[in-house]
Amino acid sequence: MRALALALTAMLAGAAFAQSPDKVRVGVLNSGGDIGFFIAREKGYFKAENIETDAVTFLSAAQMIAPLGTGELDAGGGIASAGLYNAADRKIDIRIVGDRGKTAPNYRYQVLAVRKDHVDSGRSEEHTSELQSHSFISY
């Protein structure tokens, strides 16, 4: 009986390890709005859920509509565009499930990339008016 229990345990453990990950193709713009996806992937959150992600770069969210509608792409994100409205009008099976960012009153949806040495030194907390002599990029 004990041998049967050990064999069953070994089989179940082997089956858990043998399960291939779910593959998800995600459309990205390589902009600041994609940062949540890239951080989650880098920290292993998808891997922990047995999800393998493949980032596919597009120049605009409108270019993601056709691949989303045909199933060539599993997820994507960007702003609402004529392509999205046309897809909805043609009853293409695309769903909006959440937002990636929003602009609330008195706030801007903007990303500022800062070098790590500036973050470590506290310089990244300067007001933007004090950054005039510094180089920076906004996405």
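Me: What percentage of the 139 residues in the chain is buried?
Reply: This is a predicted model, so the answer is computed from predicted coordinates. A residue counts as buried under 20% relative accessible area. Of the 139 residues in the chain, the buried share is 16%.

Me: How much area does the chain expose, and what share do carbon and sulfur atoms supply?
Reply: The exposed total is about 11,200 Å². Carbon and sulfur atoms supply a share of that area, namely 56%.

Me: In what order do the helices and strands run?
Reply: The chain has six helices and four strands. Read from the N terminus on, the elements run α-β-α-α-β-α-α-β-α-β.

Me: What is the average pLDDT of the chain, and where is the pLDDT below 50?
Reply: The chain averages a pLDDT of 78, and 68% of the residues score at least 70. One stretch has a pLDDT below 50 and, beyond near neighbours in sequence, zero contacts in the model. That stretch is residues 1-12.

Me: Among contacts between residues at least 6 apart in sequence, what share joins residues at least 24 apart?
Reply: Contact here means heavy atoms within 4.5 Å. Take the contacts in the chain between residues at least 6 apart in sequence. The share that joins residues at least 24 apart is 58%.

Me: Which residues form the largest nonpolar core?
Reply: This core has five residues. Met64 is one of them. Beyond four places in sequence, Met64 is in contact with residues including Phe58 and Leu73, both also in the core. The full set is Val56, Phe58, Met64, Leu68 and Leu73.

Me: Is Ala61 buried or exposed?
Reply: Ala61 is found in the loop between β2 (51-57) and α4 (65-70). Its relative accessible area is 13%. The cut-off for buried is under 20%, so Ala61 is buried.

Me: Which residues does Ala61 contact, leaving aside its neighbours within four places in sequence?
Reply: Ala61 and Ala80 are 19 residues apart along the chain, and their C-alpha atoms are separated by 8.0 Å. The contacts of Ala61 beyond four places in sequence are Leu29, Gly77, Gly78 and Ile79.

Me: Is Asp34 buried or exposed?
Reply: Asp34 is found in the loop between β1 (22-28) and α2 (35-42). Not counting residues up to four places away in sequence, Asp34 touches Val28, Leu29 and Arg100. Its relative accessible area is 2%. Under 20% counts as buried, so Asp34 is buried.

Me: Which backbone nitrogen lies 2.6 Å from a polar atom of the side chain of Asp34?
Reply: The side chain of Asp34 supplies one polar atom of this pair. A polar contact needs N or O atoms within 3.5 Å. At 2.6 Å, the backbone nitrogen is that of Asn30.

Me: Which residues do ring pairs link into a cluster?
Reply: A search of the whole structure finds two aromatic pairs. Phe37 and Phe38 pair edge-to-face, 5.0 Å centre to centre with 70° between the planes. Phe37 and Phe46 form a tilted pair, 5.6 Å centre to centre with 45° between the planes. The linked residues are Phe37, Phe38 and Phe46.

Me: Which residue of Phe37, Phe38 and Phe46 counts as buried?
Reply: Phe38 has 28% relative accessibility, so Phe38 counts as partly exposed. Phe46, with a relative accessible area of 22%, is partly exposed too. At 14% relative accessibility, the buried residue is Phe37.

Terms used:
Residues are numbered from 1 along each chain as its sequence is written. This is a predicted model: local features need pLDDT of at least 70, side-chain atom pairs count only at pLDDT 80 or more; totals for chains, interfaces and linings use all residues. Side-chain values use heavy atoms; hydrogens and water are left out. Helices (H or I, at least four residues) and strands (E, at least two) are DSSP runs, numbered from the N terminus. Buried means under 20% relative accessible area, exposed over 50%, partly exposed in between (1.4 Å probe, protein chains only). Rings of Phe, Tyr and Trp (its six-membered ring) pair if their centres lie within 6.5 Å; planes under 30 degrees apart count as stacked, over 60 as edge-to-face and the rest as tilted. A polar contact is a pair of N or O atoms within 3.5 Å; within protein, one must be able to donate a hydrogen and the other to accept it, and residues adjacent in sequence count only if both atoms are side-chain atoms. Accessible areas come from the Shrake-Rupley method with a 1.4 Å probe; for residues, only the protein chains shown count as cover. A nonpolar core is a set of buried Ala, Val, Leu, Ile, Met, Phe, Trp, Tyr and Cys residues joined through side-chain atoms within 4.5 Å. pLDDT is the predictor's confidence in each residue, from 0 to 100.
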